[in-house]
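User: I am new to this structure and should like to understand the terms used to describe it. Please explain them as we proceed.

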Amino acid sequence: MSSTTVVRISDVSKRFVIRKEKSLKERLVNFGRSNLHKEDFWALRNVTLDIEAGTTVGLVGPNGSGKSTLLKTIGGIIQPTSGKVHLRGRLAALLELGAGFHPDLTGRENVYLNASILGLTREETDRHFDAIVDFSGIERFIDTQVKFYSSGMYVRLAFAVAIHVDPDILLVDEVLAVGDEPFQRKCLERIRGFQHEGRTIVLVTHGLDQVAEFCDRAVVLEHGVVAADGAPREALRVLRADFEATRREELAKAQASDKPQTRAELAGVALRSASGQTGRPALSPGETLTVAMQVDAATELRDWALGVGITTPMGTTLYQTNTRLLGLPLPPLRGTGRFEFTLPDLPLAEGDYTIQASITQTDGTDVHLVPEAAHFSVEGNSPSLGPLRTPISFATL
Amino acid sequence: MTDIAEARAAALALEPLRPATPSSGFASGTLASLRDIVAHRQLLALLVNRELKSRYKDSALGFVWSLIRPLVLLLIYFVALGQFLGAARQVPDFAIFIYSGLTAWTLYGEIIGLGTQSIVANAGLIKKVYLPREVFPLSVVGSALFNFGMQLVILVTATLVAGRFPTGSRWLYFPLSLAVLLVWGLAIALLLSAVNVYLRDIQYLVEVALQVLFWASPIVYSWKLVQGAIGGTKWEAIYLANPVTLVVLGFQKTFWVAGDGEPFPPQLGARLGIALAVGVVLLWLCQRIFARLQANFAQEL
């Protein structure tokens, strides 16, 4: 089956002009010099994307990278400065739950109003009304003014309306981050239902785990430019590398400005399997892994700890420890030192894994952190899913 | 992929790609804008409903308040201008005369005053959902018309009580005047509501301007007095170029039966017709400007 493009973003750029004045007086006073009071800010630059029907796309990126602007551009809320956005099918934007709820109206009236804002006709709302109220779980208060609702009830009702909208394309902006846990689970279940029904979902989120879990595709935006676009795994790797670069930059800045600081780095991290493989070893199940590290300390390193961790390629930490947690204080170090962690009988199932290494000080500051210091894989065919390998038995009682 | 998913994808494949935002082209976008507004007429009805319900919610008298204000105004003008200043002696059925003009003026003032603020007042929605933004000024017109309807009932009742119920061809002035009022009111409200997003001073300017304009139409004084003061000069032409003046005169022509012997500007019907034609063109122009300006609403609010 050939795929159908439902959202076509062609060469979209968006410029915001930041003006520092608003009133008539200020404008008149500054007339002619008004260019001094303007500042251009490109929220999006030459973004080109095609989104196919039935896919779930995660838009990720650091704060201010243009994610929300792109989402609003797709939703028609913001017009691009140049470029075009084309759509196919019915679109609903869930940028805010309960947009357009009026505090003075009753729950019932607000359901109709909000549904209409989201694009349902009156007849459709009539049809779904009972289901909406049922889902929200606030039957008793449906004829009460919304201003008397608790914030939880408000969100529940708003979400109940939102999920009964029948869009082909659903734009979601961070709204999943509200509500208590059962409610969030309800949201996510519903999103899965939407995926199953072949709806296209474009999701803006900071929850990278959500992206890894739900999306078929992730788009990383940085300063308004598409930095990566592809399978969530690769895209997230790019994003994490970026975050790390930013963090390191900040660290360097702090080090440059602050009083003389400890300077040390992890010069090298090497893996060795029990069978003698090095580089990117492929372990057999239950094999022992040795992680060797070299630390170069330019200034004397005191009260420090060396850390090691195992993460999945998605960045989920499976294991993390350091010499302080292990109760092994390290003597002060100056110059080069070599250390080794041994992880015997790794209880990991088959898959790719990443080794994380860090030098921290006992007061909590990071001296050097390498999120992807080395890689290894585990081979085998355990009859299970997930990264943990454990013996299991089964009995019928 | 599931069956539902495939069916959806197949249905989508048949649809053409459409632009995400309405065209801001000057001529080409008109039809699209109109179609968009018509498609959202149910929402418009709900928004009007919201305006009306929320306005006097939780007050014991509710809608009665929207009647009390013009009635109090009527009382003030009737006593202060009519009795103390003696206007009632020159103008037969002074109360009905004032109330005809006041009814028209209240509608006009409400459309422009509240219409100007409508976009800024709905900022929360505009920033979060795409809707044809014209629905907000339009919903103001809707709720203003509702109030107008109630005032009209009072006005008609008053003519019945006074024993001078308007009959016959004079009713023709009413729909014509109302059309002029709505077209001009909506055009100005559209324009100002959009400009107000960029320049918030507009809403205060409008308040002041409406107060001035109230006295620039023969609402509490009669046309006879105007004629006596500036009749035959170019000022008279300017005075009559104001569409609201024509509307107020049109309302008086309809409901103020006792004023039949009083002077009215010549060819009032034709003047109203011209005002309507100009108003329709203006409305179209204002809608196109609105369409242009609305592109940046979400970021300016």
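Analyst: Two residues are in contact if their C-beta atoms, placed from the backbone, lie within 7 Å. This is a predicted model, in which local features need pLDDT of at least 70, side-chain atom pairs count only at pLDDT 80 or more, and totals for chains, interfaces and linings use all residues. Residues are numbered from 1 along each chain as its sequence is written, and chains are lettered from A in the order in which they are written.

User: How many residues does each chain bring to the contact between chains A and B?

Analyst: Chain A gives 41 residues and chain B gives 35 residues. Elements that supply two or more residues on the chain A side are strand S1 (5-19), helix H2 (67-74), strand S4 (82-87) and helix H3 (107-117); helices (H or I, at least four residues) and strands (E, at least two) are DSSP runs, numbered from the N terminus.

User: What makes S4(A) and strand S1 of chain B a pair?

Analyst: Strands pair if DSSP finds at least two bridges between them. Two bridges join S4(A) to S1 (residues 18-19) of chain B, so these antiparallel strands meet the definition. A:His86 has B:Pro19 as its bridge partner in S1(B).

User: Why is a set of 148 residues called a nonpolar core?

Analyst: The name applies to buried Ala, Val, Leu, Ile, Met, Phe, Trp, Tyr and Cys residues joined through C-beta atoms within 7 Å; buried means that 20 or more other C-beta atoms lie within 10 Å of a residue's own. The largest such core has 148 residues, and A:Leu59 and A:Leu171 have the most contacts inside it. Helix H9 (residues 173-198) of chain B contributes the most, 16 residues.

Notes
Buried ≥ 20, exposed ≤ 12 C-beta atoms within 10 Å, placed from the backbone.
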